[in-house]
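This report goes through selected parts of one protein structure. Please look over the sequence and the model before reading on.

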Amino acid sequence: MKKRFIKALCIALSIITVFSSTLFASAAESTKTTEDRVNEILSQMTLKEKIAQMILYDVPSKPKKMQRKYQFGGYLLFADSFENETKAGIRKKIKGWQKVSKVKMLIAVDEEGGNINRVSKFSQFRTAPFPSPSQLRKSGGITAVAADSREKAQFLKALGINTDLAPVADTPYKASNYIAGRAYSTSTKKNARFVSTVVTQFNANQCVSCLKHFPGYGGNGNTHTDIIRDKRKLSVYEKRDLVPFKAGIESGAPMILVNHDIIKAFDKKNPASISKKVHTYMRKKLGYKGVIMTDSLNMAAARDFVGNDSKLAVKAVKAGNDMLCTGNGIIAINAIYKAVKKGNIKEKQINNSVRRILRMKIKYGIIK
């Protein structure tokens, strides 16, 4: 009888020990901070994987195969990705890309509304395209913007798209300006409310938004096709163009996209996207701690200015960008890798950029 009791007691103690160990392990896991998780992921990445994490790549022809091999930080999808697709088809494709990703991807689109819609322009996805910011202003003001932003974030998330390169925070001077058709208003004050509302709604729905095009087009022309030089004073930018961006930062914007204008007030020699002075201003003067990304490096104002895709990628990183928006992802990875190995870019800078990206992905539930 005594032996049976001792045996039963030993079994009970063993069960308690195993249960306690599991409980404590689970508790330790749950008490991990975001920074613990970031450092854990970072420590498991190779240098090339870290660099690839900094690339938002124009979705390639064989996206799953390319992602398995290179581990890009994200894909940017355009209208042709949706034109002949279905909701179920898109969800399945994106799920496949994420499945082969060691670090889950940003899946991004430009769904601004109006003329810049990649998904909702097709009736199989939405009965009507999302309206432009100016249409929302005219139809219902900020109330309409809030409802539209909420629906848009939910609409995209339901398809597996976790990032929208919007809102447009530029303030044009008049309706004839290049950026006017994509902006909310010519009023800085109204634009600030618009930007703040969009960011707030996207944050509430766990979808990444991106302020663009820092530090603001104003009345400037199209950098997709031309090299643009802006001679406005810094005081003009600070009193006018930067106001909506500041509102977005205060509302918790996770990303800011930088344009390719050559702005004399910041840096008379380089486009903003590859200007260290512009990025220093964002970090030091505006106190921005989120992810900074270039506008597409395939645009003429950047590509023609530098004249070499490899040099352009290196310049973009050296300027202080955390992510590069590009259709030349493999070229960019190889060029940046060589620059790090040669000591022209410090690996510490790469690590800091990847940390910002990982923090964002964790915060928005992209990394579970």
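## Pro63 in helix 4

Pro63 belongs to helix 4, which covers residues 63-70. The structure is a predicted model, and the statements here apply to that model. Pro63 has a relative accessibility of 14% and therefore counts as buried, since buried means under 20%.

Leaving out residues up to four places away in sequence, Pro63 touches Tyr75 and Trp97. Pro63 can also be placed relative to Met282: the two are 219 residues apart in sequence, and their C-alpha atoms are 33 Å apart in space. Met282 is one of the buried residues of helix 9, described next.

## Helix 9 and its two sides

Helix 9 is formed by residues 276-285, and its buried residues are Val278, His279, Tyr281 and Met282. These lie on the same side of helix 9 because they cover an arc of only 155° around the axis. On the other side of helix 9 there are exposed residues, namely Lys276, Lys277, Lys284 and Lys285.

What do the buried residues of helix 9 pack against? Their partners are two helices, helix 8 (234-250) and helix 11, together with strand 5, strand 7 (255-258) and strand 9 (291-294).

Both ends of helix 9 have a local feature to report. At the start of helix 9, the backbone nitrogen of Lys277 has a side-chain oxygen of Ser275 within 3.3 Å. Just after helix 9, Gly287 has a positive phi of about 65°.

## Ser209 in strand 5

Strand 5 is among the elements that the buried residues of helix 9 pack against. Strand 5 consists of residues 208-214, and Ser209 is part of it. Is Ser209 buried or exposed? Its relative accessibility is 0%, so Ser209 counts as buried.

Apart from residues up to four places away in sequence, the contacts of Ser209 are Asp164, Ala166, Pro167, Val199, Phe202, Pro254 and Met255. Pro167 appears again below, in the lining of a cavity.

## The largest cavity

How many cavities of 30 Å³ or more does the model have? The count is 2. The largest cavity holds about 100 Å³ of space. It is lined by 15 residues, and those closest to its centre are Glu112, Lys152, Pro167, Phe194 and Val198.

Helix 6 (133-159) and helix 7 (188-204) are the elements that contribute two or more residues to this lining. Helix 6 contributes the most, with 6 residues. Sorted by class, the lining of the largest cavity contains 9 nonpolar residues, 5 charged residues and 1 polar residue.

## The second largest cavity

The volume of the second largest cavity is about 40 Å³. Its lining is made up of Leu297, Asp309, Leu312, Ala313, Leu324, Thr326, Asn328 and Ala332. By class, 5 of these are nonpolar, 2 are polar and 1 is charged.

Which elements each supply at least two residues of this lining? They are helix 11 (309-319) and strand 10 (324-326). Helix 11 has the largest share of the lining of the second largest cavity, with 3 residues. Helix 11 is also among the elements that the buried residues of helix 9 pack against.

Key. Residues numbered from 1 in each chain as written. Predicted model: local features only at pLDDT ≥ 70, side-chain atom pairs only at ≥ 80, totals over all residues. Heavy atoms only, no water. 1 Å grid on protein atoms, 1.4 Å probe; cavity = no way out; pocket = protein on both sides within 12 Å on 5 of 7 lines; lining within 4 Å. Points joined across faces, edges and corners; volume = space filled by probe spheres on them. Helix = DSSP H or I, 4+ residues; strand = E, 2+ residues; numbered from the N terminus. Nonpolar A, V, L, I, M, F, W, Y, C, P; charged D, E, K, R; others polar. Buried < 20%, exposed > 50% of the residue type's maximum accessible area, 1.4 Å probe, protein only. Contact = heavy atoms within 4.5 Å. Arc of directions from axis to C-beta. Polar contact = N/O pair within 3.5 Å; in protein donor to acceptor, adjacent residues only side chain to side chain.
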